[in-house]
Each structure stands twice: as C-alpha cells, then as structure tokens.
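Colleague: I am new to this structure and would like to understand the labels that are put on its parts. Could we go through them one at a time?

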Amino acid sequence: MADAGLRRVVPSNLYPLVLGFLCDNQLSDVANKFAKATGQDASTSSLLDIYSFWLNCREAAACGEQ
C-alpha cells in the first residue's frame, strides 16, 4: 500500500509545521490560538520545511515497500 509509511505520522508531528505556516502568512491571531490549543511554541517552519517533511515521509514510505 502506497500510504503505509504515512500512517506513522500522527497529527502532533504536523503541529509545528502548521504553526509555522500560519506565522509565515501573517495569521498571528490564528497562530496564537492554534499554539495555545496544541501546546506549541511559535516556530520558524516555512512552507519549504513543510514540503520537505512531506517529501521525506513519501520517500520513507516508498523505501518501506521494497
């Protein structure tokens, strides 16, 4: 199954990336509420970090299939 490796990713792994996206796009009110609700600190994750994380998960899943 192609998404077998992605099942290991839990929502809390993505919280810092989502928070970084919100901050990068000047959505500070939403970022503050998100940070408070998830217990995260403000991070400097960029869209490139989010894409890299996603790409690494895909590659790990592809390697697990072989």
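Modeller: What follows is a set of questions on labels, each answered by setting a value against its definition.

Modeller: This is a predicted model, in which local features need pLDDT of at least 70 and side-chain atom pairs count only at pLDDT 80 or more, while totals for chains, interfaces and linings use all residues. Residues are numbered from 1 along each chain as its sequence is written, and side-chain values use heavy atoms, with hydrogens and water left out.

Colleague: How many helices and strands are there in the chain?

Modeller: The chain has 3 helices and 0 strands, where helices (H or I, at least four residues) and strands (E, at least two) are DSSP runs numbered from the N terminus. Read along the sequence, the pattern is therefore written α-α-α.

Colleague: What share of the residues in the chain is buried?

Modeller: Of the 66 residues in the chain, 15% are buried; that word stands for under 20% relative accessible area, whereas exposed is over 50% and partly exposed is in between (1.4 Å probe, protein chains only). The chain exposes about 4,900 Å², of which carbon and sulfur atoms supply 58%, and accessible areas come from the Shrake-Rupley method with a 1.4 Å probe, with only the protein chains shown counting as cover for residues.

Colleague: Why is leucine 17 called buried?

Modeller: Leucine 17 has a relative accessible area of 11%, so it is buried, the limit being under 20%. Leucine 17 is found in helix α1, and its C-alpha atom is 9.5 Å in space from that of tyrosine 51, although the two are 34 residues apart in sequence.

Colleague: What makes valine 18 partly exposed?

Modeller: Valine 18 has a relative accessible area of 34%, and therefore counts as partly exposed. Its place is in helix α1, and its C-alpha atom is separated by 8.8 Å from that of phenylalanine 34, which is 16 residues apart from valine 18 along the chain.

Colleague: How many aromatic pairs are there?

Modeller: The count comes to 2 aromatic pairs, by a rule under which rings of Phe, Tyr and Trp (its six-membered ring) pair if their centres lie within 6.5 Å, with planes under 30 degrees apart counted as stacked, over 60 as edge-to-face and the rest as tilted.

Colleague: Why is the pair of tyrosine 15 and phenylalanine 34 called edge-to-face?

Modeller: The ring centres of tyrosine 15 and phenylalanine 34 are 5.7 Å apart and their planes stand at 85°, so the pair is edge-to-face. Because tyrosine 15 lies in helix α1 and phenylalanine 34 in helix α2, the pair ties together parts that are 19 residues apart in sequence.

Colleague: What makes the pair of tyrosine 51 and tryptophan 54 tilted?

Modeller: Tyrosine 51 and tryptophan 54 are 5.8 Å centre to centre with 35° between the planes, and this angle is therefore neither under 30 degrees nor over 60, which leaves the tilted class. Both residues lie in helix α3, 3 residues apart, about one turn of the helix.

Colleague: Which residues form a nonpolar patch on the surface?

Modeller: Leu48, Tyr51 and Trp54 form the patch, with about 340 Å² of accessible area together. Patches are made of residues with over 30% relative accessible area and no salt bridge (a side-chain nitrogen of Lys or Arg within 4 Å of a carboxyl oxygen of Asp or Glu), and like charges are joined within 9 Å, nonpolar side chains (Val, Leu, Ile, Met, Phe, Trp, Tyr) within 5 Å. On relative accessible area, leucine 48 is exposed at 58%, tyrosine 51 is partly exposed at 45%, and tryptophan 54 is partly exposed at 38%. Leucine 48 is found in helix α3 (residues 47–65).

Colleague: How many disulfides are counted, and by what rule?

Modeller: The count comes to 0 disulfides, a disulfide being a pair of cysteine sulfur atoms within 2.5 Å. As for their surroundings, cysteine 23 counts as partly exposed at 31% relative accessibility, whereas cysteine 57 counts as buried at 14%.

Colleague: Where is glutamine 26 placed?

Modeller: Glutamine 26 sits in the loop between α1 (11–24) and α2 (28–38), and it has a positive phi of about 55° although it is not a glycine. Its relative accessible area is 65%, so glutamine 26 is exposed.
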